[in-house]
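Visitor: I'd like some practice in reading a structure feature by feature. Could you walk me through one?

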Amino acid sequence: MRYAVYIVLAVCLTAGRSLALFEGPPSGAASMAMGDAWAGAEDRQESYQANAAALALFPGWSATAGFYLPFGLQDLAIASSMVRAAASNWALGLGLTSQGCHLYRESSARLVAAKCFGGRISLGLAANLCHLSIQDYGSTMAVGLDAGIQGRILDRLAMGLAARNVNRPRIGKAGEELSQEMDIGFSYFPHRRTVSRIHLHSQKGWPLQWRVGQGFRLARFFDVRAGYSARPATIGLGFGLEFEPYALDYAVKTHPELGLSHGLTLTFFRKQNET
């Protein structure tokens with residue numbers, strides 16, 4: 001069993017842009033369904049998990065829990081959670097993520113701070129404590145720093161920019177450099193029930209990747225979503241149920257070589273003026 005897990009990890013690490021060491025925190029099932037086009041997702045409370053700047057755009061507090069099953073493999077399962085609170089244009093958040101099994105596990109704790117300017121644009125910083133554990137090989141840690149900007153640039157257009165591991169952290173005795181990534185995206189709202197997204201993802205050592213997503217609100221509490229991501233070519237589908245103050249999102253994403261991935265996110269959100 002041990003060697004089977006190592007073989008699967010090796011395949012995932014070399015099969016295009018499928019999995020990387022301490023890849024960015026999960027953006028949530030809603031964005032996963034839209035081709036992982038999360039950078040401009042100003043309309044979703046879950047986007048702050050990936051872009052630190054989005055933390056301050058939503059006054060109040062929230063708690064999010066997610067479970068992700070890459071390629072249907074339990075030994076690569078990801079569990080994530082985050083709590084955040086925002087008031088007086090400032091916000092703080094704490095997130096935890098764990099991926100893998102007892103043979104190989106990546107764990108991280110994420111501390112985020114953000115400030116909103118003029119009620120439209122927010123700046124954020126995040127520190128990630130990354131812990132890697134491999135059975136029979138020990139464990140090691142590193143600290144990565146992220147930065148982001150997010151907000152509305154026009155009434156119907158939102159944008160986001162996120163940079164990951166800007167301090168170029170290294171982990172382990174071999175000094176392996178953690179993934180350095182840059183994401184930029186836009187969300188367009190032609191109608192209050194419709195959102196279109198475009199996202200560009202750049203990662204050191206990999207070709208530029210583009211993503212697009214589309215979401216529709218079919219009823220007051222029900223959304224459907226779809227998206228596409230290139231290199232490798234993947235398709236996302238999903239839906240969302242929202243009964244304030246709760247929201248449940250589900251997504252499934254294809255992969256040309258490794259099969260289906262599933263994502264589930266549960267969010268509790270309470271506005272600032274609620275008691």
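**Reading the contacts and pairs**

Guide: Let's start with a single residue and its neighbours. Leaving out residues up to four places away in sequence, Ser 81 touches Thr 64, Ala 65, Leu 94, Gly 95 and Leu 96. Keep in mind that this is a predicted model.

Visitor: Where is Ser 81 found?

Guide: Ser 81 belongs to strand 2, residues 78-87. Its C-alpha atom is separated by 6.6 Å from that of Thr 97, which is 16 residues apart from Ser 81 along the chain.

Visitor: Is Ser 81 buried or exposed?

Guide: Neither label fits: buried needs a relative accessible area under 20% and exposed one over 50%. Ser 81 has 32%, so it counts as partly exposed.

Visitor: And the overall picture? How many helices and strands are there in the protein chain?

Guide: The chain has two helices and 16 strands. It has 275 residues, and 49% of them count as buried. The exposed area is about 13100 Å², with carbon and sulfur atoms supplying 65% of it. As for contacts with a separation of 6 or more, 49% are accounted for by residues 24 or more positions apart.

Visitor: Let's try another serine. What is the relative accessibility of Ser 122?

Guide: Ser 122 comes out at 0%, so this residue counts as buried. You'll find Ser 122 in strand 5, residues 121-134. Beyond four places in sequence, the residues that Ser 122 touches include Ala 56, Leu 57, Cys 116, Gly 148 and Ile 149.

Visitor: Which backbone oxygen lies 2.5 Å from a polar atom of the Ser 122 side chain?

Guide: That's the backbone oxygen of Ala 53. Ala 53 is also one of the residues that Ser 122 touches, and so is Lys 115.

Visitor: What does the charged end of Lys 115 sit over?

Guide: The ring of Phe 117, with 5.5 Å to the ring centre.

Visitor: Now the salt bridges. How many does a search of the whole structure find?

Guide: The search finds 10. Take Arg 110 and Asp 146: their closest N and O atoms are 2.7 Å apart. Arg 110 lies in strand 4 (residues 104-117) and Asp 146 in strand 6 (residues 138-154), so this bridge ties together parts 36 residues apart in sequence. Arg 110 is buried at 5% relative accessible area, and Asp 146 is buried at 6%.

Visitor: What about Arg 164 and Asp 146?

Guide: Their side chains meet in a salt bridge too, at 3.1 Å from N to O. Arg 164 is in strand 7 (residues 157-164) and Asp 146 in strand 6, so the parts tied together here are 18 residues apart in sequence. With 10% relative accessibility, Arg 164 counts as buried.

Visitor: Which residue meets Arg 225 in a salt bridge at 3.0 Å, N to O?

Guide: Asp 249. That pair links distant parts of the chain, with Arg 225 in strand 13 and Asp 249 in strand 15 (residues 246-253), 24 residues apart. Arg 225 is buried, with a relative accessible area of 8%, and Asp 249 is buried with 1%. Through salt bridges with shared partners, Arg 217, Asp 223, Arg 225, Glu 242 and Asp 249 are joined into one network.

Visitor: Last topic: how is a pair of aromatic rings described?

Guide: By the distance of the centres and the angle of the planes. The count here comes to six aromatic pairs. Trp 210 and Tyr 228 form a tilted one, 5.4 Å centre to centre with 45° between the planes. This pair links distant parts of the chain: Trp 210 is in strand 12 (residues 209-219) and Tyr 228 in strand 13 (residues 222-229), 18 residues apart. Trp 210 is partly exposed at 41% relative accessibility, and Tyr 228 is partly exposed at 30%.

Visitor: What are the distance and angle for Phe 222 and Phe 239?

Guide: The centres are 6.2 Å apart and the planes make 35°, a tilted pair. Phe 222 sits in strand 13 and Phe 239 in strand 14 (residues 234-243), 17 residues apart, so to speak of distant parts of the chain being linked is fair here. Phe 222 counts as partly exposed at 26%, as does Phe 239 at 31%.

Visitor: Which residues form one aromatic cluster?

Guide: Trp 61, Tyr 246 and Phe 268.

Conventions:
Residues numbered from 1 in each chain as written. Predicted model: local features only at pLDDT ≥ 70, side-chain atom pairs only at ≥ 80, totals over all residues. Heavy atoms only, no water. Helix = DSSP H or I, 4+ residues; strand = E, 2+ residues; numbered from the N terminus. Buried < 20%, exposed > 50% of the residue type's maximum accessible area, 1.4 Å probe, protein only. Contact = heavy atoms within 4.5 Å. Areas by Shrake-Rupley, 256 points an atom, 1.4 Å probe, with all protein chains shown as cover. Polar contact = N/O pair within 3.5 Å; in protein donor to acceptor, adjacent residues only side chain to side chain. Phe/Tyr/Trp six-rings, centres within 6.5 Å; stacked < 30°, edge-to-face > 60°. Lys NZ or Arg CZ within 6 Å of the ring centre and 35° of its normal. Salt bridge = Lys/Arg side-chain N within 4 Å of Asp/Glu carboxyl O.
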